[in-house]
Amino acid sequence: MELLETQDPERKRLLETSDHHKRAMEKELSELTQKTDRVLKNALIIGGSLALTFVVITALSKRRKKKKKKLALQAAEQPGITQTEEPEEDDSPSFINQMGHQLLNQASVILLDLARQGLKEYLASRNTKDDHS
């Protein structure tokens with residue numbers, strides 16, 4: 001069988017061409033797999049950072065809402081205060097509360113910056129992919 005393949009030059013050329021195309025397709029597939037892995041990792045990082053930010057913000061806002069509800073219930077129980085009046089809240093937040101807000105703001109900025117960089121890389125890879133097409 002080997003003898004027939006080597007004797008026929010057309011068949012030999014076709015086999016070499018076939019091997020060349022096979023290697024090219026495998027290389028392209030491996031590149032595509034690597035790009036897909038990178039895009040998925042970026043998407044997971046971005047989604048995770050946004051989800052984490054959402055959870056932190058909702059947790060903090062729920063605490064505030066609970067305090068406001070509690071104050072509203074106390075105001076409703078007192079006969080002299082109507083429900084339209086807001087009970088006075090402490091205008092000067094505590095040091096720990098201020099630090100918590102600063103920490104939350106810094107974490108949000110960092111997470112949004114990571115998300116921005118991930119989206120920037122993704123869009124750049126899409127642009128280069130479109131340019132090659």
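These legends accompany close-up views of a predicted model.

**Figure 1. Overall fold of the predicted model, built from three helices and zero strands.**
Along the sequence, the pattern reads α-α-α. The protein has 133 residues, and 8% of them count as buried. About 12000 Å² of surface is exposed. Carbon and sulfur atoms supply 60% of that exposed area. Two of the helices recur in the views below: H2 spans residues 9-77, and H3 spans residues 95-132.

**Figure 2. The second largest pocket, holding about 420 Å³ of space.**
Its lining comprises 14 residues. Closest to the pocket centre are Leu-32, Lys-35, Thr-36, Ser-125 and Lys-129. Helices H2 and H3 each supply at least two lining residues. H2 gives the largest share, with eight residues. By class, the lining divides into seven charged, four polar and three nonpolar residues.

**Figure 3. Thr-53, a buried residue of helix H2.**
Relative accessibility is 14% for Thr-53; the cut-off for buried is under 20%, so Thr-53 falls in that class. The Thr-53 side chain reaches the backbone oxygen of Ser-49, at 2.8 Å. Beyond its neighbours within four places in sequence, Thr-53 is in contact with Ser-108 and Leu-111. Helix H3 covers residues 95-132, a range that takes in both of these partners.

**Figure 4. Ser-49, also placed in helix H2.**
Ser-49 has a relative accessibility of 6%, and therefore counts as buried. Its backbone oxygen is the atom reached by the side chain of Thr-53. With residues up to four places away in sequence set aside, Ser-49 touches Leu-111 and Ala-115. Leu-111 thus appears in two contact lists: that of Ser-49 and that of Thr-53.

**Figure 5. Thr-128 in helix H3, with its polar partner Ser-125.**
Is Thr-128 buried, exposed or partly exposed? At 41% relative accessibility, Thr-128 counts as partly exposed, because the class lies between the 20% and 50% cut-offs. A polar atom of the Thr-128 side chain lies 2.9 Å from the backbone oxygen of Ser-125. Ser-125 links this view to the pocket: Ser-125 is among the lining residues closest to the centre of the second largest pocket.

**Figure 6. Two threonine side chains and the backbone oxygens they approach.**
In helix H2, Thr-53 pairs with the backbone oxygen of Ser-49 at 2.8 Å. In helix H3, Thr-128 pairs with the backbone oxygen of Ser-125 at 2.9 Å. Thr-53 is buried, whereas Thr-128 is partly exposed.

Notes
Residues numbered from 1 in each chain as written. Predicted model: local features only at pLDDT ≥ 70, side-chain atom pairs only at ≥ 80, totals over all residues. Heavy atoms only, no water. 1 Å grid on protein atoms, 1.4 Å probe; cavity = no way out; pocket = protein on both sides within 12 Å on 5 of 7 lines; lining within 4 Å. Points joined across faces, edges and corners; volume = space filled by probe spheres on them. Helix = DSSP H or I, 4+ residues; strand = E, 2+ residues; numbered from the N terminus. Nonpolar A, V, L, I, M, F, W, Y, C, P; charged D, E, K, R; others polar. Buried < 20%, exposed > 50% of the residue type's maximum accessible area, 1.4 Å probe, protein only. Polar contact = N/O pair within 3.5 Å; in protein donor to acceptor, adjacent residues only side chain to side chain. Contact = heavy atoms within 4.5 Å. Areas by Shrake-Rupley, 256 points an atom, 1.4 Å probe, with all protein chains shown as cover.
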